[in-house]
Amino acid sequence: SSVTTIKDGSFRLKDNLVSIYLPKTLNRISCDAFYSCTNLEEVYINCESLSIIQLSTALNPTLTNPFQFCTSLTKFIGKQVSVDGKCLIIDGQLFSFAPSGIKEYNVPSGVKEIQAGAFNSCFELEEIILPEGLEIIGWDSFANCANIKSVTLPSSLKELHSYAFRQCASIEGFYGNENFHTPDNKCLI
């Protein structure tokens with residue numbers, strides 16, 4: 001109960017992990033902390049002051065979402081979680097998504113920024129609708145979402161970082177904010 005940090009790779013590749021309770025004292029989850037815990041289904045967040053999720057390190061700037069490749073993750077429970085339990089949101093920044101069983105998803109209102117890698121490798125996701133008020137889509141946010149077909153961008157979008165939709169070969173169209181896609185809806189600009 002006195003844990004304040006879960007360090008990089010602490011639970012990496014732990015196939016026997018099904019659920020985890022994060023204590024009130026926790027204030028930091030480092031990148032790669034739960035990487036590829038493929039049987040992890042539920043994360044209970046009871047933290048009073050979780051405010052920092054380290055998304056990369058100086059040695060490896062490509063590390064992202066602490067829950068990447070947690071393909072069985074169905075929900076986050078507790079504080080700093082969206083009403084539907086699908087998103088870990090801290091101060092308007094969406095850090096992680098629970099992808100299991102989701103084909104279509106409306107990102108909750110109030111999200112101002114989607115952090116790097118938040119939806120990376122959500123293989124079942126086919127359609128994503130981003131809310132008005134969203135201003136930033138981070139690097140690699142939706143990378144490797146191999147089945148995503150449709151993306152609706154809000155008019156409030158100001159920044160779309162490199163590789164946000166890298167290796168999303170099934171995309172049929174980008175819709176919404178015309179400042180970020182071609183008139184035929186096929187390419188980002």
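In this predicted model, β3, spanning residues 28-29, runs parallel to β5, with 2 bridges holding the pairing on record. Within that pair, I29 sits across from I53 of β5. Zooming out a little, the two belong to an open sheet of 3 strands, laid out as β1-β3-β5 and paired in parallel. The edges of this sheet are taken by β1 (5-6) and β5 (52-53); each has a single partner strand, so one side of each goes without a neighbour in the sheet.

As for the overall fold, the secondary structure tally is quickly given: 15 strands and 0 helices. The radius of gyration comes out at 16 Å, close to the 16 Å that the globule rule gives for 189 residues, so the protein is as compact as a globular protein of that length. Along the principal axes, the C-alpha atoms fill a box of roughly 55 × 35 × 30 Å. Of the 189 residues, 47% count as buried. Turning to contacts between residues at least 6 apart in sequence, 38% of them link residues at least 24 apart.

What about empty space inside? Searching the whole structure for cavities of 30 Å³ or more turns up 1. The volume of the largest cavity is about 60 Å³. Its lining is made up of 13 residues, and those lying nearest the centre are F67, F69, F97, P99 and N120. Sorted by character, the lining of this largest cavity has 8 nonpolar residues and 5 polar ones, with no charged residue in the set.

One loop residue also deserves a look, namely A146. This alanine is found between β12 (136-137) and β13 (150-153), in the loop that joins those strands. Is A146 buried, exposed or partly exposed? With a relative accessible area of 34%, A146 falls in the partly exposed class, because that class covers whatever is neither under 20% (buried) nor over 50% (exposed). Leaving aside residues up to four places away in sequence, A146 touches Q167 and S170. A further spatial relation involves E124: the C-alpha atoms of A146 and E124 are 8.0 Å apart, with the two positions 22 residues apart in sequence numbering.

Methods:
Residues are numbered from 1 along each chain as its sequence is written. This is a predicted model: local features need pLDDT of at least 70, side-chain atom pairs count only at pLDDT 80 or more; totals for chains, interfaces and linings use all residues. Side-chain values use heavy atoms; hydrogens and water are left out. On a 1 Å grid over the protein atoms alone, a cavity is a set of points where a 1.4 Å probe fits but cannot get out, and a pocket is an open set with protein on both sides within 12 Å along at least five of seven lines; lining residues have an atom within 4 Å of a point. Grid points are joined across faces, edges and corners, and a volume is the space filled by probe spheres set on the points. Ala, Val, Leu, Ile, Met, Phe, Trp, Tyr, Cys and Pro count as nonpolar, Asp, Glu, Lys and Arg as charged, and the others, Gly among them, as polar. Two strands pair if DSSP finds at least two bridges between them. Helices (H or I, at least four residues) and strands (E, at least two) are DSSP runs, numbered from the N terminus. The radius of gyration is taken over C-alpha atoms; the globule rule is 2.2 Å times the number of residues to the power 0.38. Buried means under 20% relative accessible area, exposed over 50%, partly exposed in between (1.4 Å probe, protein chains only). Contact means heavy atoms within 4.5 Å.
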